[in-house]
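Subject: The two-chain model, and what was found in it

Dear colleague,

I am handing over the structure we spoke about, and below it you will find my notes. Please keep the viewer open while you read, so that you can look up each residue as it is named.

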There are 2 protein chains.
Amino acid sequence: MMQRHDAPEGDVGSLSSEDIDELLAAGEDGGPMVPRGKIIALEGIDGTGKSHVSQRVVEHLEAREVSTIITSEPTEGAVGRLIKRVTEEGVDPYTELFLFMADRADHVQWMAARMREGNWIVCDRYAMSSAAYQGTYLEEEWETKGRDPVAWIMEMHRPWWIAPDLTVLIVDDIDRCLDRVGKRGQATKFERRDYLERVQANYLRIAETTDGVVVVDDPDLEDIVVAVLGRVEAMLGRSKV
Amino acid sequence: MMQRHDAPEGDVGSLSSEDIDELLAAGEDGGPMVPRGKIIALEGIDGTGKSHVSQRVVEHLEAREVSTIITSEPTEGAVGRLIKRVTEEGVDPYTELFLFMADRADHVQWMAARMREGNWIVCDRYAMSSAAYQGTYLEEEWETKGRDPVAWIMEMHRPWWIAPDLTVLIVDDIDRCLDRVGKRGQATKFERRDYLERVQANYLRIAETTDGVVVVDDPDLEDIVVAVLGRVEAMLGRSKV
């Protein structure tokens, strides 16, 4: 089963990763224990091949008979649609940040409900994207405050997100990424070369201090796929391919 | 001039209270120094008379020839309108919290631009409302975490909000408030009696640890008005009325 959700649904209350562990261990409502699904998050700037790798991970999991749901942020829900609209129109950076977090909070509940049913989740962009993109945007302003907005954004997620079981951060040459998405020479906010350099540097900085992140940096996308599938096999408790 | 805004506009970048002080002291763009407006926030549960008191404060400031803008949260902007829609439909509590913060971030920029023009702002509900309402909603879940969601929400505002120069917290008997808004016996999420008791207790708890908050607790609304106008006079540098 491969699904793409249109709008968050379901309601499992507000759960942290630990709550979900507890809930699943206990069997909610006194019911039978359910296997816990896992979350694999794909991160990186546009043009690194996240979507292709996500797709291959899903195909691989399906071949291993693991029911997998592919999803992405921003979502197609009401908040996600508003994000797409306002980021095109231009928006205050904090408004943008909190809209992404609002959309994610809804998404977390949606994913939790599906994980409880035993599904694995492959998520194209997750919390690290907010820290890298919106954090980079705030860095200049925050320089005078002596605080790190990237760390601040990650920290704000801790009470309520579900930490991914695996985060794959794909890094690549910025120009090659811009070429791939056909955006070289364009200068919208999220696509400026210097901005993307700093976003990618911040992605790498977060990866150093966050558990469960694997950084892949290979010019050959198929080599990346093989490396990621090796990690997925390890998660399934099999020997690496 | 009394205005009610329809949608946030203007762009002064992302400013903290300190940034604004600096900006105003320096005269932005090398221009002349501009007088700084002030923010007066009105807080409390529905039915305490916030709107009436706000109105009287505005009339008083106008009589003192202080250009004043009355505004409220959630705003009438795109995010504020989404909040009104999703809270009626039911929404994840974290999504709700971050939507209020997204709306507020936009509102802060809008208010900052008007303060720079010398206006005073009277704001019906501000950050403390998120801490009291959404914080109360999260308390039960957070009990096991040993963390305080009310303090967490206030803390998340500090890097970017403008702290009010005066916050007036009006407290009153819950039943009297429910009677005033004609909602006694109703049981929507924001109107349940036991919930409102805890919201009001959290308002009072925040007031104890926050600068510039005056708590008014008087059965006579006109007495409240007189007390608040005394504070406003003190802000204007006049003797109390």
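Before anything else, a definition is needed: a residue counts as buried if 20 or more other C-beta atoms lie within 10 Å of its own, as exposed if 12 or fewer do, and as partly exposed in between. With that in hand, B:E65 can be classed as exposed, because it has 7 other C-beta atoms within 10 Å. Please bear in mind throughout that this is a predicted model.

B:E65 is worth a second look for its backbone, since its phi is near 60°, a positive value in a residue other than glycine, and its place is in the loop between α2 and β2 of chain B. A:R125 also has a positive phi without being glycine, in this case near 80°, and it lies in the loop between β3 (120–124) and α5 of chain A. Is A:R125 buried or exposed? With 22 C-beta neighbours inside 10 Å, A:R125 counts as buried.

The two chains

How are the two copies related? A rotation of 180°, with 0.0 Å of shift along its axis, superposes chain A on chain B with an RMSD of 0.0 Å. The two copies are thus related as by a two-fold rotation axis. Of the residues of chain A, the one that comes closest to this axis is A:F98, whose C-alpha lies 2.6 Å from it.

The contact between the chains takes 24 residues from chain A and 24 residues from chain B. On the side of chain A that touches chain B, at least two residues each come from α3 (78–89), α4 (93–116), α5 (127–142) and α6 (149–157), and α4(A) gives the most, with 10 residues. By kind, the residues on that side of chain A divide into 16 nonpolar, 3 polar and 5 charged. Because 100% of the interface residues of chain A are also interface residues in chain B, the copies meet through the same surface.

The nonpolar core

The largest nonpolar core has 122 residues, and those with the most contacts inside it are A:F98, A:L99, A:A102, B:F98, B:L99 and B:A102. If residues up to four places away in sequence are left out, A:L99 touches A:V79, A:L82 and A:I83 in chain A, together with B:V79 and B:A102 in chain B.

One of these partners, A:I83, is found in helix α3 of chain A, and it is buried, with 22 other C-beta atoms within 10 Å. Again leaving out residues up to four places away in sequence, A:I83 touches A:P74, A:L99, A:F100 and A:D103. A:P74 is found in the loop between β2 (68–72) and α3 of chain A, and the peptide bond that leads to it from A:E73 is cis, with omega near -5°. In chain B, too, a cis peptide bond joins B:E73 and B:P74, with omega about -5°.

Helix α9 of chain B

The 15 residues of helix α9 (residues 221–235) of chain B should span 21 Å at 1.5 Å a residue, and its end C-alpha atoms are 21 Å apart, which agrees. Which residues of α9(B) are buried? They are B:I224, B:V228 and B:V232. Seen down the axis of α9(B), these buried residues fall within an arc of 75°, so they line one face of the helix. They pack against α2 (50–63), β4 (166–170) and β5 (213–216) of chain B, whereas the face turned away from the buried side carries the exposed residues B:E222 and B:D223. Just after α9(B), B:G237 takes a positive phi of about 80°.

Finally, B:G49 has its place in the loop between β1 (39–43) and α2 of chain B. B:G49 is buried, with 22 other C-beta atoms within 10 Å, and, not counting residues up to four places away in sequence, it touches B:I170, B:L221 and B:I224. Although B:G49 and B:V171 are 122 residues apart in sequence, they are 9.5 Å apart in space, C-alpha to C-alpha.

With best wishes

Notes
Residues numbered from 1 in each chain as written. Chains lettered and ligands numbered in written order. Predicted model: local features only at pLDDT ≥ 70, side-chain atom pairs only at ≥ 80, totals over all residues. Least-squares fit on C-alpha atoms with pLDDT ≥ 70 in both. Contact = placed C-beta atoms within 7 Å. Helix = DSSP H or I, 4+ residues; strand = E, 2+ residues; numbered from the N terminus. Expected span 1.5 Å × (residues − 1). Arc of directions from axis to C-beta. Core = buried A, V, L, I, M, F, W, Y, C linked by C-beta atoms within 7 Å. Nonpolar A, V, L, I, M, F, W, Y, C, P; charged D, E, K, R; others polar.
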